[in-house]
Amino acid sequence: MVAANEPIDPRVRLAISQWPDDAPRGAVSTFCAEHGISRKSFYALRNRAKTDGSAAVLEPRTRRPKSSPSTLSDAVKEQAVAVRAALEASGLDHGPISVHEKMHAMGLDQVPSTASLARIFREAGVARLEPKKKPRSAWRRFVYPAPNACWQLDATEYVLSRGRTCVIFQLIDDHSRYALASHVAWGETAAAAIVVFDKAVAAHGVPQRLLSDNGIALNPSRRGHLGQLVAHVGALGVQAITGKPYKPTTQGKNERFHQTLFRYLDKQPLAETLEDLQTQVDEFDHVYNTQRPHQGLPGRITPLAAWEATPKADPPRPKLDRPIYQRVTRRYQRPRAQAPADLPAGTCIRTVNTSGTISLDGVHYKVDVDLAFQQVLVISTGDNTGDAIIITDLLGEILAEHSRPAPGIRYVGNGQRPGTRPTNPPPLPKS
């Protein structure tokens with residue numbers, strides 16, 4: 001039988017157009033069975049030959065519909081390109097998803113799909129095809145379950161007029177991507193970091209955790225001493241945690257936030273003073289929180305909508321007797337930290353066994369065999385049906401992040417092959 005979308009052979013069509021009227025009974029059924037066509041197709045072609053002539057049967061008719069209501073007009077295409085240009089001129093994201101959401105917000109009658117917009121932009125020469133780009137389905141996001149469960153703090157350099165450099169501190173909420181506060185300073189100092197943290201606390205309350213990098217101004221615990229910011233937030237009961245050195249993906253949300261800010265500032269007049277730049281950053285935070293649909297949030301809602309959609313995490317209790325980590329004598333020796341006596345909700349202490357794993361709720365999580373017999377902090381972002389498990393050392397450095405496994409799974413690895421070693425091991429001491 002000929003497939004539904006496969007055209008009938010021209011020789012068969014010619015035989016049908018010349019079919020005699022006095023053919024014996026059953027000849028049509030036999031002919032159709034031999035050539036793999038249906039009786040309906042046979043009689044449709046034969047009737048066409050009688051009405052339009054034998055030549056009309058030899059070529060298949062076009063299957064294109066007489067009308068296509070969903071076809072995009074040139075006016076709609078020009079409108080989409082104009083919306084994209086306006087977003088780009090404003091310093092905002094101007095990809096197909098952003099243009100689609102903006103056209104919806106404008107209340108336009110016909111809004112093309114994101115796939116159609118991508119095709120329109122490529123045809124117009126304002127965008128290019130990126131076949132090597134990683135698909136969104138391959139992304140694996142890590143998100144805390146509620147606002148104020150974890151804040152992310154980071155600083156980035158910016159250049160004012162006359163080539164003067166300054167630093168922009170940005171503080172966002174991990175769950176909602178809400179821009180909590182920003183602060184412009186001449187340098188990356190602990191005092192400036194405390195200013196932006198206090199600004200956010202005054203407006204939004206005290207978070208449970210504060211995630212930052214291992215910079216001297218933010219969290220120098222790995223260098224063997226307690227930083228001013230760590231001591232300041234610790235007095236409020238906030239748990240200061242850090243990512244692994246040279247692994248910025250732990251602070252990926254804030255790194256992406258910097259990129260969005262720079263794209264916006266590039267379209268603004270070059271700031272002359274810190275006050276001018278602070279005004280521009282505050283305007284960006286307002287647009288980012290209330291007007292820009294966030295593609296990393298479910299439903300592409302704004303960070304403000306995500307911030308208000310979920311009840312905020314309970315604030316921690318202040319720890320007036322928080323242990324102070326002593327400075328070590330050797331420069332590169334890792335400090336010995338004591339386990340905190342009063343842990344926040346969802347945090348517990350586990351000891352790494354000889355195989356480099358810890359156990360929690362009947363599941364073994366791989367950490368590192370080099371940490372055997374050492375104590376670690378295990379942070380659960382929810383109950384047994386929660387989202388993720390974070391494992392840190394007693395200084396707050398993140399050692400491993402695991403998504404909570406499905407029921408029935410008893411072991412979660414760290415993604416490394418057994419027996420892997422550093423590519424460039426340190427040289428052995430001479431004998």
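This briefing covers the overall make-up, selected helices, one sheet, the salt bridges and the aromatic pairs of the structure. The model is predicted. The protein contains eleven helices and twelve strands, and 42% of its 431 residues count as buried. Of the contacts between residues at least 6 apart in sequence, 59% join residues at least 24 apart. The exposed surface comes to about 25000 Å², with 53% of that area supplied by carbon and sulfur atoms.

**Helix α5 and its surroundings**

- Helix α5 spans residues 96-105, and its buried residues are Ile-97, Ser-98, Val-99, His-100 and Met-103.
- These buried residues pack against two helices, α4 (74-89) and α6 (114-124).
- Gly-107, just after α5, has a positive phi of about 75°.
- Glu-101 also lies in helix α5; at 21% relative accessibility, Glu-101 counts as partly exposed, because the cut-off for buried is under 20%.

**Thr-260 in helix α9**

- Thr-260 is located in helix α9, which covers residues 252-265.
- Thr-260 counts as buried because its relative accessibility is 4%, where the limit is under 20%.
- Beyond its neighbours within four places in sequence, Thr-260 is in contact with Gly-91, Phe-284, Tyr-288 and Arg-292.
- The C-alpha atom of Thr-260 is 7.4 Å from that of Leu-92, although these two residues are 168 residues apart along the chain.

**The four-stranded sheet**

- Four strands make an open sheet in the order β6-β9-β10-β11, and their pairing is antiparallel.
- The edge strands are β6 (347-351) and β11, each of which pairs on one side only.
- From one strand to the next, the twist averages 25°.
- Within this sheet, β10 (residues 388-392) and β11 (residues 398-403) pair in the antiparallel sense over five bridges.
- Two positions show the register: Ala-388 is opposite Ser-403 in β11, and Ile-391 is opposite Ala-400 in the strand β11.
- β10 and β11 form a hairpin, with five residues between the two strands.
- In the turn of that hairpin, Gly-396 has a positive phi of about 100°.

**Salt bridges**

- Side chains of opposite charge can pair when their charged atoms come close.
- The structure holds seven salt bridges, among them the three described below.
- Asp-9 and Arg-11 form a salt bridge whose closest N and O atoms are 3.1 Å apart.
- In that pair, Asp-9 is partly exposed at 32% relative accessibility, whereas Arg-11 counts as exposed because its relative accessible area is 68%, where the cut-off is over 50%.
- Glu-88 and Arg-84 meet through their side chains in a salt bridge, at 3.4 Å from N to O.
- Glu-88 and Arg-84 are four residues apart in helix α4, so about one helical turn separates them.
- The partners in α4 fall in separate classes: Glu-88 is partly exposed at 32% relative accessible area, and Arg-84 is buried at 11% relative accessibility.
- Arg-300 and Glu-101 form a salt bridge at 3.5 Å, N to O.
- This pair links distant parts of the chain: Arg-300 sits in the loop between α10 (274-290) and α11 (303-309), Glu-101 in helix α5, and 199 residues separate them.
- Arg-300 is partly exposed, its relative accessible area being 30%, and Glu-101 is likewise partly exposed at 21%.

**Aromatic pairs**

- A pair of aromatic rings is described by the distance of the centres and the angle of the planes.
- A search of the whole structure finds eleven aromatic pairs.
- One of them joins Trp-19 and Phe-42, with ring centres 5.2 Å apart; the planes stand at 85°, so the pair is edge-to-face.
- This pair links distant parts of the chain, with the two positions 23 residues apart in numbering.
- Trp-19 lies in the loop between α1 (10-17) and α2 (27-35), and Phe-42 lies in helix α3 (residues 39-52).
- Trp-19 and Phe-42 are both buried.
- Ring pairs also bring Trp-19, Phe-31, Phe-42 and Tyr-43 together in a cluster.

Methods:
Residues are numbered from 1 along each chain as its sequence is written. This is a predicted model: local features need pLDDT of at least 70, side-chain atom pairs count only at pLDDT 80 or more; totals for chains, interfaces and linings use all residues. Side-chain values use heavy atoms; hydrogens and water are left out. Buried means under 20% relative accessible area, exposed over 50%, partly exposed in between (1.4 Å probe, protein chains only). Contact means heavy atoms within 4.5 Å. Accessible areas come from the Shrake-Rupley method with a 1.4 Å probe; for residues, only the protein chains shown count as cover. Two strands pair if DSSP finds at least two bridges between them. Axes are lines fitted to C-alpha atoms, for helices over the stretch in contact, and angles run from 0 to 180 degrees between N-to-C directions. A salt bridge is a side-chain nitrogen of Lys or Arg within 4 Å of a carboxyl oxygen of Asp or Glu. Rings of Phe, Tyr and Trp (its six-membered ring) pair if their centres lie within 6.5 Å; planes under 30 degrees apart count as stacked, over 60 as edge-to-face and the rest as tilted.
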